[in-house]
Amino acid sequence: MGKYKVETSNAEETMALAEKLVSLLKPGDVLTLEGDLGAGKTTFTKGIASGLAIKRTLSSPTFTIIKEYEGIMPLYHMDVYRLEDSDEDIGFDEYFNGNGITVVEWAQFIEDYLPVERLNITINYLDEQSRVIEFDPIGEHFEQVVKAL
């Protein structure tokens, strides 16, 4: 399994890519998002929310750690940055094995709790507007998802 890269020219293209990704996902899928502050992790997640027909405004769950949104499928949006150096399990399995899509920002801080099969996504700056989005599928399902994307 290899990594796949996609370039986007602006936030709208980043969101559109995430919307397209949603059509290939199923309940229980876990996506991890890595990237510098301001790289577009929340923008990408907004595209996922749009693809799930979520009407509520999505914002980063930095201080709440987990936000839940209802749409075609639930979206569980986690920002686990504040769990660095913590071994606290806040019921991750219930989300990861649930009936929705889970997006985890700063996933390296909860590596021990993550499912083996997942789609790791890294967003990097090219310039002020453009991004390189790298997909690293772990597991056959996610390999097929990325190929279809």
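**Note on the predicted model: a seven-stranded sheet and its helices**

1. Helix 2 is followed by alanine 53, whose phi is positive, near 60°, and this residue is not a glycine. Helices and strands here are DSSP runs numbered from the N terminus, a helix being H or I over at least four residues and a strand E over at least two. Alanine 53 sits in the loop that leads from helix 2 to strand 3. Because its relative accessibility is 35%, alanine 53 counts as partly exposed; buried means under 20% relative accessible area, exposed means over 50%, and partly exposed lies in between, with a 1.4 Å probe and protein chains only.

2. On the basis of the model: this is a predicted structure, in which local features need pLDDT of at least 70 and side-chain atom pairs count only at pLDDT 80 or more, while totals for chains, interfaces and linings use all residues. Residues are numbered from 1 along each chain as its sequence is written, and side-chain values use heavy atoms, with hydrogens and water left out.

3. The chain has four helices and seven strands, and from the N terminus on its elements run β-α-β-α-β-β-α-β-β-β-α. Of its 149 residues, 47% are buried. Among the contacts with a separation of 6 or more, 62% come from residues 24 or more positions apart; contact means heavy atoms within 4.5 Å.

4. The strands make an open sheet of seven in the order 1-7-6-2-5-4-3, with mixed pairing, where two strands pair if DSSP finds at least two bridges between them. Strand 1 (4–8) and strand 3 (66–69) stand at the edges with a single partner strand each, so one side of each has no neighbour in the sheet. Neighbouring strands are turned by 20° against each other on average, direction ignored. Axes are lines fitted to C-alpha atoms, for helices over the stretch in contact, and angles run from 0 to 180 degrees between N-to-C directions.

5. At one edge, strand 1 runs antiparallel to strand 7 (residues 131–138), and five bridges join them; tyrosine 4 has phenylalanine 135 of strand 7 as its bridge partner. Helix 4 (residues 140–148) packs on the sheet, touching strand 1, strand 2 (30–34), strand 6 (118–125) and strand 7, and its direction makes about 145° with that of strand 7. Valine 6, also in strand 1, counts as partly exposed because its relative accessibility is 28%. Leaving aside neighbours within four places in sequence, valine 6 is in contact with Leu17, Arg131, Val132, Ile133 and Phe135. The C-alpha atoms of valine 6 and phenylalanine 135 are separated by 8.3 Å, although the two residues are 129 apart along the chain.

6. Towards the other edge, strand 3 and strand 4 form a hairpin with five residues between them and pair in the antiparallel sense over four bridges, with glutamate 68 opposite tyrosine 76. In strand 4, five of five residues are buried, and both faces are covered, by the count of Leu75, His77 and Asp79 on one side and Tyr76 and Met78 on the other. Strand 4 is joined to strand 5 by five bridges, and these two strands run parallel; histidine 77 has valine 103 of strand 5 as its bridge partner.

7. Threonine 102 belongs to strand 5 (residues 101–105) and counts as buried because its relative accessibility is 0%. Beyond neighbours within four places in sequence, the contacts of threonine 102 are Asp29, Val30, Leu31, Tyr76, Met78, Tyr95 and Phe96. Tryptophan 106 lies in the loop between strand 5 and strand 6 and is another residue other than glycine with a positive phi, near 60°. Tryptophan 106 is buried, with a relative accessible area of 15%.

8. The axes of helix 1 (residues 11–22) and helix 2 (residues 41–51) come within 7 Å and cross at roughly 45°. That makes helix 1 oblique to helix 2, since angles under 35 degrees count as roughly parallel, over 145 as roughly antiparallel, 65 to 115 as roughly perpendicular and the rest as oblique. Residues in the contact include Leu17 and Leu21 of helix 1 and Phe44 and Ile48 of helix 2.

9. The buried residues of helix 2 are Lys41, Phe44, Thr45, Gly47, Ile48 and Ala49. What covers them includes helix 1, strand 2, strand 4 (75–79), strand 5, strand 6 and strand 7.
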